[in-house]
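Student: I should like to study the salt bridges of a protein chain. May we work through them one by one?

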Amino acid sequence: MPAVTISEFSSLNFRDDWKLPFQQDENYTQRFLRTDVLLIQYSTDPESGIRPYLKNNATGETRELEAKLLDETTNTYNALVGPFFTTEDTSFTTFFASDPAGDPVLSTDFCVCTDSLDDTVLLKYTNSLNDFDTIFGEDDLFSLRVPGMFLPQEYSFENETENFRDQRCILRLLSGYAYETKILTVGGNFGVPNWVARKLNMILCLDNVTINGSGIVRSDGSSPEITILHNDYPLYVYKITLESSYADQEARRGDFNDDYNNDYLINYHGGLEQT
């Protein structure tokens, strides 16, 4: 068992396998707002004594993160990072070590920004069941902020309707349902590593996901589609098609034309008369 195992749903990325030695030497730093609360779920070997720490790279101050034990059998913890009380853009490092001055087992850098980060979207997510080697709960939501947006020209306006043509060949609409699909574009002008697409693909397998506060689901099994910006450049643009979640869609569903709508007759009149 590794000294530390990080859930793929954690807010911060600790993987370093997203670029190859011969590719351009590009770095990618996650950006967050001061109000964002990051969640790291991890499992450790109880005999290792490894704990999570947060270092302010501007001041050099290092503190141990408070961790909440979730499962004694697997020695799984949640560690919350944030909100952040900074007055200027600040670089932080989260690392796992046996003590603050020791060699990190895992580490990652991120930046807390004071501006609005209008070019990003914030995902918050959880699941009704513990799955994907992760413990989910209603109290501690996972979150992820990525550079992305919904472009107005990439909305699609769809509908599902049920029609009936009577004996006079007059077409009547029995029920109608309008819905929208929209494409989330992630990467901006400079792109993101492939681990961002991996996280998005896994997040959208969960049953409770919001983007900027609105419920969302993937549309008909859509997957992140890659756009390569340049040969040997390890950052990419990804697009994935999404829809509003069930609760938001139900508000736009309509059944009408009571004389012909069998669902209406069954629900409100006990069904069609038998002749």
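Student: How many salt bridges does the structure hold?

Tutor: The model before us is predicted. A salt bridge requires a side-chain nitrogen of Lys or Arg within 4 Å of a carboxyl oxygen of Asp or Glu. The number of salt bridges in the structure is 10.

Student: Which residue forms a salt bridge with Arg-51, and how many residues apart in sequence are the parts that the pair ties together?

Tutor: The partner of Arg-51 is Glu-64, with the closest N and O atoms 3.5 Å apart. Arg-51 belongs to strand E4 (residues 51-56) and Glu-64 to strand E5 (residues 62-64), so the parts tied together are separated in sequence by 13 residues.

Student: Is Glu-154, the salt-bridge partner of Lys-239, buried or exposed?

Tutor: Lys-239 and Glu-154 meet through their side chains at 2.9 Å, N to O. This pair links distant parts of the chain, 85 residues apart, with Lys-239 in strand E16 (residues 236-244) and Glu-154 in strand E11 (residues 142-165). Buried means under 20% relative accessible area. Because its relative accessible area is 18%, Glu-154 is buried.

Student: In the salt bridge of Arg-172 and Asp-166, what relative accessibility does Asp-166 have?

Tutor: The two side chains meet at 3.2 Å, N to O. Arg-172 has 21% relative accessibility and counts as partly exposed. Asp-166 counts as buried, because its relative accessibility is 11%.

Student: Which residues are joined into one network by salt bridges that share partners?

Tutor: Here the salt bridges have partners in common. The residues joined into one network are Glu-8, Arg-15 and Asp-17.

Technical notes: Residues are numbered from 1 along each chain as its sequence is written. This is a predicted model: local features need pLDDT of at least 70, side-chain atom pairs count only at pLDDT 80 or more; totals for chains, interfaces and linings use all residues. Side-chain values use heavy atoms; hydrogens and water are left out. Helices (H or I, at least four residues) and strands (E, at least two) are DSSP runs, numbered from the N terminus. Buried means under 20% relative accessible area, exposed over 50%, partly exposed in between (1.4 Å probe, protein chains only).
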